[in-house]
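Please open the model in your viewer and keep the sequence panel beside it. The stops below are meant to be selected one after another.

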Amino acid sequence: MSEAKRIDGKARAAGLVERVKAEAGALEAATGRRPGLAVVIVGEDPASQVYVASKARMAEECGFKSVKHVLGAETPEAELLDLVERLNGDPTIHGILVQLPLPRQIDANKVIRAIAPEKDVDGFHLTNVGLVGIGDVATAFVPCTPAGAMILIRDALGEDLSGRHAVVVGRSNIVGKPMAQLLLAANATVTIAHSRTADLPALCRMADILVAAVGRPEMIRGDWVKPGAVVIDVGINRVEAPEKGEGRTRLVGDVAYAEAAERAAAITPVPGGVGPMTIAMLMANTLVSACRAAG
Ligand code: GUN
């Protein structure tokens, strides 16, 4: 089998962002309403800081109002809930994103439930989780990473995934579970695998669509991939890279890319695959929220 097509998520995301920018401009011209995104980070997790900074920067690039709230690692839960309440009531803010994970003293579920569902551009609130669960993906805010991954899958295979077997490795609320629901809504036959699944390599080899969202660097090897499969790597793992010099690191996915590319029909790289799509979908969700907002 020849080398897989490298799915360029960065270019695809750039195209989406251009559309969001244009539509945000048109919305503001027509209604005076400028989409507003508030991102909230609690604590100093370096990876979270990078993600939040790029989300806030992209919102600015889209012409949105972009507000970043940085709270100390010791912030009490009540203080964060107060902030969420204020943002819920702020008519210039259409999207609220509280970066996860949160420090131990804060109950993330409680915070997510406090976000107004119509401003929950992450798609984590029970209302949006429920809408995705019943297949009403047009009304829901769909979580950004699986929504972005789904676009790449549809680009590769078309809208209707009837007859395709999708294996999602990972069962997180942020990626694995909603990813499975979206694939199901597109008529794929879906298996969710996880750390307790027996003979994971054999199961993966049955996948026409293999989605890796486990957070373990290069865990999925080339010989786990069915020849001709579409492989979507959601993992972003920082590993040591002594070949680049002492103390240097590099990003790798959950899939051993070079090996998998020898068997797959198409595969997302890390970086430059699903990651940029996640941010683009956040912008798209925020724009939709601003369009839906009254007044
Ligand atoms: N942490 C890792 N991914 C995400 C995400 O998509 N949204 C939020 N809020 N936190 C995250």
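The tour goes from the domains to the central sheet, then to the ligand and a few single residues.

**Before you start**

This is a predicted model, in which local features need pLDDT of at least 70 and side-chain atom pairs count only at pLDDT 80 or more, while totals for chains, interfaces and linings use all residues. Residues are numbered from 1 along each chain as its sequence is written.

**Stop 1: the two domains**

Select residues 31-116 and colour them as domain 1, then residues 143-275 as domain 2, following the domain assignment of the protein; such bounds come from an automatic or database domain assignment. The centres of domain 1 and domain 2, taken over C-alpha atoms, are separated by 28 Å.

Now compare the UniProt record, whose positions are given in the numbering used here, with feature names shortened and annotations that may be inferred rather than shown by experiment. An unreviewed UniProt entry places "domain: Tetrahydrofolate dehydrogenase/cyclohydrolase catalytic" at residues 7-122, and over residues 7-122 the chain is 50% helix and 16% strand, with end C-alpha atoms 24 Å apart. The feature "domain: Tetrahydrofolate dehydrogenase/cyclohydrolase NAD(P)-binding", also from an unreviewed UniProt entry, is placed at residues 143-292; that span is 35% helix and 19% strand, and its end C-alpha atoms lie 18 Å apart. Helices (H or I, at least four residues) and strands (E, at least two) are DSSP runs, numbered from the N terminus.

**Stop 2: the open sheet**

Which order do the strands take in the open sheet of 6 strands? The order is 1-11-8-7-5-6, with parallel pairing, where two strands pair if DSSP finds at least two bridges between them. Strand 1 (5-6) and strand 6 (189-193) stand at the edges, and because each has a single partner strand, one side of each is left without a neighbour in the sheet. At the strand 1 edge, 2 bridges join strand 1 to strand 11 (residues 266-267) in parallel, and Arg6 has Ile267 of strand 11 as its bridge partner.

Move next to strand 7 (residues 209-212), where Ile209 and Val211 on one side and Leu210 and Ala212 on the other are all buried; a residue is buried if 20 or more other C-beta atoms, placed from the backbone, lie within 10 Å of its own, exposed if 12 or fewer, and partly exposed in between. In a regular strand the side chains alternate between the two faces of the sheet. Strand 7 pairs in the parallel sense with strand 5 (residues 165-169) over 4 bridges, and Val211 of strand 7 is the bridge partner of Val168. Strand 7 is also joined by 4 bridges to strand 8 (residues 230-233), which runs parallel to strand 7, with Asp233 of strand 8 as the bridge partner of Ala212.

**Stop 3: the ligand**

Show the ligand and select Leu97, Val98, Gln99, Leu100, Asp122, Cys144, Thr145 and Ile174, which surround the ligand; a residue is near a molecule if its C-beta atom, placed from the backbone, lies within 6 Å of it. Strand 4 (95-98) and helix 6 (144-157) are the elements that give two or more residues to this shell, and the shell draws at least three residues from each of domain 1 and domain 2.

Stay on strand 4, where both faces are covered: Gly95 and Leu97 on one side and Ile96 and Val98 on the other are all buried. Strand 2 (residues 36-42) runs parallel to strand 4 and is joined to it by 4 bridges, with Ile96 as the bridge partner of Ala38.

**Stop 4: single residues and a helix**

Select Gly170, Arg171, Ser172 and Ile236, which carry the annotation "binding site" in an unreviewed UniProt entry. Arg171 is found in the loop between strand 5 and helix 7 (176-185), and Arg171 is partly exposed because 18 other C-beta atoms lie within 10 Å.

Arg12, in helix 1 (residues 9-31), is partly exposed, with 19 other C-beta atoms within 10 Å. Arg12 and Val274 are 262 residues apart in sequence and 9.8 Å apart in space, C-alpha to C-alpha.

Finish on helix 10 (residues 274-292), in which 16 of the 19 residues are buried.
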